[in-house]
Amino acid sequence: MAACAVLRARALGGSRALVAFSAARSGSPSELRMFAARVPYGALQHRRLLSSRNRPEGKVLETVGVFEAPKQHGKYETGQLFLHGVFGYRGIVLFPWQARLYDRDVTPACSDSNNPESPGTHDSKEVKGKTHTYYQVLIDMRDCPHISQQSQTEAVTFLASHDDSRALYAVPGLDYVSHEDILPYHSTEQVPIQHELFERFLVLNSSKVPAFTAKDTLKAWQEKNHPWLELSDVHRETTENIRVTVIPFYMGMRVAQKSHVYWWRYCIRLENMGGEVVQLRERHWRIFSLSGTLETVRGRGVVGREPVLSKEQPAFQYSSHVSLQAPSGHMWGTFRFERTDGSQFDVRIPPFSLESNKDEKAPPAGYTF
């Protein structure tokens with residue numbers, strides 16, 4: 001069976017990054033069809049490299065390595081190179097997380113599914129979680145400018161170590177990737193990923209597969225920051241072909257004006273699972289605190305954006321933060337989308353818990369070694 005060279009078409013004009021595969025020799029059709037669901041079918045029809053004469057305008061093709069068959073069972077190891085199946089960036093696996101996925105699309109709802117604000121819709125106890133693997137990864141910083149229109153989560157934020165309750169700092173080029181979004185490959189480059197933490201965290205070991213293994217600095221960093229990096233719960237729900245995935249992270253507690261302030265970060269991914277072009281127009285959040293308060297937040301778009309979800313750019317991802325003066329709470333709500341004909345519809349945000357049951361004996365170690 002011939003190996004497949006992995007090519008990456010980067011969209012310099014802001015359109016979706018594509019991944020194409022070309023057989024080095026006469027590869028079998030099954031090799032090329034393996035990613036038909038993830039990659040535009042036309043890209044899979046070309047077995048030869050696209051030249052400057054026939055490549056799509058505005059795209060730059062570059063060989064990054066040799067494609068590997070994705071794992072249907074088991075986990076990827078530390079040091080596995082990959083392309084992101086949705087956002088197209090290059091990355092490398094640091095370590096896995098075993099999360100609980102609460103998927104409302106596979107669980108019968110007892111409530112009125114036609115009412116996005118139906119109270120029963122937000123009872124998380126009706127959904128049973130199942131184990132799902134995610135990975136902490138480093139992103140190739142060369143690719144960040146090309147995914148900025150689709151993803152605003154290419155960093156992990158931490159609370160600063162001092163008592164300023166609003167001071168945050170970020171470690172750029174970190175992400176969490178679901179197992180099914182990993183498109184694995186291997187490369188002969190000694191430094192295949194451009195990131196300032198790559199050589200601090202990983203070392204080349206040609207006798208092993210994958211060829212990069214963890215340094216002690218990565219193991220120590222993971223151990224120190226485990227409470228603030230840990231991915232434990234993932235919540236997912238689809239309304240009218242728009243799938244919303246939410247991942248909350250507890251960040252810690254700080255004292256502000258003699259009150260305890262608890263902080264969380266949450267990552268949201270919006271995916272258009274259908275063929276209709278839609279645009280996000282409004283957000284509507286409801287935030288309940290254990291202290292008994294219920295806050296309503298409405299606003300235009302998200303993080304200053306009103307992203308369009310289409311076949312070419314079907315997904316958008318972003319992170320935001322919330323603080324409560326109580327150790328736990330809940331969030332839920334809706335996103336309002338608009339179709340090309342001007343009609344609008346509401347998409348449910350699956351309810352998720354804000355929990356602070358972490359060890360707070362030490363502040364997060366963050367970006368230190």
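# A walk through the predicted model, starting at Val297

Select Val297 to begin: at 23% relative accessibility, Val297 counts as partly exposed. Keep in mind as you click around that this is a predicted model. Val297 lies in strand β18. Now add His284 to the selection. Val297 and His284 are 13 residues apart in sequence, yet their C-alpha atoms sit 5.7 Å apart in space. Setting aside neighbours within four places in sequence, Val297 is in contact with Arg283, His284, Trp285 and Ile287.

**Next stop: the second largest pocket**

Stay where you are, since Val297 is also one of the residues that lie nearest the centre of the second largest pocket. Which others lie nearest its centre? Select Tyr266, Trp285, Ser320 and His321 to complete that group. The full lining runs to 17 residues, and β17 (278-289), β18 (294-300) and β20 are the elements that each give two or more residues to it. Colour β20 if you want to see the element that gives the most, with six residues. By type, the lining divides into ten nonpolar, four polar and three charged residues. The pocket holds about 280 Å³ of space.

**Over to Phe352**

From the pocket lining, Tyr266 and Trp285 give you a way across, as Phe352 touches both of them. Phe352 is found in strand β22, which covers residues 344-354. Is Phe352 buried or exposed? With a relative accessibility of 1%, Phe352 counts as buried, because the cut-off for buried is under 20% relative accessible area. Show its contacts and, not counting residues up to four places away in sequence, you'll also find His235, Val246, Pro248, Gly329, His330 and Met331. Of these, try a distance label on His235: 117 residues separate Phe352 from His235 along the chain, while their C-alpha atoms are 6.8 Å apart.

**Ser328, in a loop**

Now pick Ser328, in the loop between β20 (315-324) and β21 (329-339). Ser328 counts as buried, at 15% relative accessibility. Leaving aside neighbours within four places in sequence, its contacts are Trp264, Ser289, Leu290, Leu354 and Glu355.

**Ser148 and the cysteines**

Jump to Ser148, in the loop between α3 (144-147) and β7 (151-152). Here the relative accessibility is 26%, and Ser148 counts as partly exposed. Measure across to Phe316 in your viewer: Ser148 and Phe316 are 168 residues apart in sequence and 9.6 Å apart C-alpha to C-alpha.

While you're in this part of the sequence, select Cys144, which is buried with a relative accessible area of 10%. Cys267 is buried too, with a relative accessible area of 11%. How many disulfides does a search of the whole structure find? Zero.

**A bent helix**

Show α5, residues 216-229, and look at Glu223: the helix bends there by about 45°. A proline, Pro227, follows within four residues of that point. Then highlight the buried residues of α5, which are Leu218, Trp221, Asn225, Pro227, Trp228 and Leu229. When you look down the axis, recall that an α-helix has 3.6 residues a turn, so residues three or four places apart point the same way.

**Backbone oddities to check**

Three backbone spots are worth a click.

- Val209 and Pro210: a cis peptide bond joins them, with omega at about -5°. Pro210 is found in the loop between β12 (202-204) and β13 (212-214).
- Glu240: phi is positive, about 50°, although this residue is not a glycine. Look for Glu240 in the loop between β14 (233-239) and β15 (242-256). With 49% relative accessibility, Glu240 counts as partly exposed.
- Val303: phi is again positive, about 40°, and Val303 is not a glycine either. Val303 sits in the loop between β18 and β19 (308-309), and is partly exposed with a relative accessible area of 37%.

**Zoom out**

To finish, bring the whole protein chain back into view. The secondary structure comes to five helices and 22 strands. Of the 369 residues in the chain, 50% count as buried. Among contacts with a separation of 6 or more, residues 24 or more positions apart account for 69%. Phe352 and His235, 117 residues apart along the chain, are one pair to revisit with sequence separation in mind.

Technical notes. Residues numbered from 1 in each chain as written. Predicted model: local features only at pLDDT ≥ 70, side-chain atom pairs only at ≥ 80, totals over all residues. Heavy atoms only, no water. Buried < 20%, exposed > 50% of the residue type's maximum accessible area, 1.4 Å probe, protein only. Contact = heavy atoms within 4.5 Å. Bend = angle between axes of the 7 residues up to and from the residue. Disulfide = S-S within 2.5 Å. 1 Å grid on protein atoms, 1.4 Å probe; cavity = no way out; pocket = protein on both sides within 12 Å on 5 of 7 lines; lining within 4 Å. Points joined across faces, edges and corners; volume = space filled by probe spheres on them. Nonpolar A, V, L, I, M, F, W, Y, C, P; charged D, E, K, R; others polar.
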